[in-house]
Amino acid sequence: MTIRSIALACGSYLPDHILTNAELAKKLNTSDDWIRKRTGIAQRHLAADGETTSDLALKAANQTLERAGLTGKDLDAIVVATATPDHTFPATATKVQAALGMTKGFALDVQAVCSGFVYALSVADNFIKSGQAKRVLVIGAETFSRILDWEDRTTCVLFGDGAGALLLEAQDQPGQSSDRGLLSTHLFSDGRHHDLLYVDGGPSKTQTVGHLRMEGKEVFRHAVKNLANAIDEALAANALSDQDVDWLVPHQANVRIVEAMAKKLNLPIEKAIVTIERHANTSAASIPLALNEAVEDGRIQPGQLLLLEAMGGGFTWGSALLRW
Ligand code: UT7
């Protein structure tokens, strides 16, 4: 027998306000046609004034716990993946912890930008496998609208705000690739590519929050190559093949990247959960938002194998295999 991190429930939250491409095109030299064709994005949700990352995270957390029939008191740990924390410190996760009435255990943030959810899953999985925690709430939550340069059409059209959560619990499983739960996580980073995707501010460097800067074309090129490798490693480590994957649950940066990964897995695009049209790129929140949508509408069923993958600033990238 082996301890696995089993998915108990998921949940998500999107802010009410929707900004369409057409509305953006009124303020910027861009068009609905360009944004849709190059990215697949039609609209994005934006947090209201005063609505913080922890507010979004808390709503996703509450929905998840309610669905599992549990409360914050039943958790041992909270891991929040975010690159847009409420404050420089303390961790956004501790705000969520307090709001959930959780007074034991611990809460921490993980910073891996768009790969954050895969990184946070890996952190949570290792707490569970080592016996340090039995129930861990993993949250991806972002308010990227706060770090966008709204005059830079090459970046501001790409991102949105939102949050998603997944509750993991330690359970004994036979120790095979047919087990339920997280079969593996694979994490990678290469800090040499800092300048291709970064925020030009920070407490130590500029004492400001800063704005997101990206060399989109270069990031795209690295993403396709790195994600393909991360997928190969995940399958090989579990002696599984592309035929075993039921659903691709990818980070939603560009529909063309998702299509390339589906093609690599010999999956029809219908077998990839695609939310980018409505959510845009919500960084660490995009995978749990997509996961929750497909669980809610019944596409993802118990026993099915999900392949999660993401790539982001750093560069960071990674993959996870999760049997629902
Ligand atoms: O989540 C983290 C990881 N992020 C990613 O994976 C993002 C990866 N990159 C991408 O998704 C794509 O590279 C973008 C969507 C960011 C850009 O698409 P592209 O096909 O690589 O376009 P480009 O940057 O090469 O720009 C093509 C043209 C340029 O004009 P010229 O130089 O050809 O005259 C841009 O100035 O499109 C222009 N352009 C725009 N036009 C209208 C750039 N942004 C816009 C815009 N509206 N919003």
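Me: Which helices each supply at least two residues of the shell around the ligand?
Reply: Helix 2 (32-39), helix 6 (153-156), helix 7 (216-237) and helix 8 (255-264) do. Helices here are DSSP runs of H or I with at least four residues, numbered from the N terminus. Helix 7 gives the largest share of the shell, four residues. The model is predicted: local features need pLDDT of at least 70, side-chain atom pairs count only at pLDDT 80 or more, and totals for chains, interfaces and linings use all residues. Residues are numbered from 1 along each chain as its sequence is written, and side-chain values use heavy atoms, leaving out hydrogens and water.

Me: How many residues surround the ligand, and which are the closest?
Reply: There are 23, each with a heavy atom within 4 Å of the ligand. Thr 30, Arg 153, His 251, Asn 254 and Asn 281 are the closest.

Me: What makes the pair between Arg 153 and the ligand a polar contact?
Reply: A polar backbone atom of Arg 153 is 2.8 Å from a ligand nitrogen. The cut-off for a pair of N or O atoms is within 3.5 Å, so the pair counts. Gly 216 also places a polar backbone atom 3.0 Å from a nitrogen of the ligand. Trp 34 uses a polar side-chain atom, 3.2 Å from a ligand oxygen. The protein covers 75% of the 960 Å² of accessible area (Shrake-Rupley, 1.4 Å probe) that the ligand has on its own.

Me: Why is Ser 115 called buried?
Reply: Its relative accessibility is 0%, and buried means under 20% (1.4 Å probe, protein chains only), so Ser 115 qualifies. Ser 115 lies in the loop between strand 5 (106-110) and helix 5 (116-129).

Definitions and conventions
Buried < 20%, exposed > 50% of the residue type's maximum accessible area, 1.4 Å probe, protein only. Polar contact = N/O pair within 3.5 Å; in protein donor to acceptor, adjacent residues only side chain to side chain.
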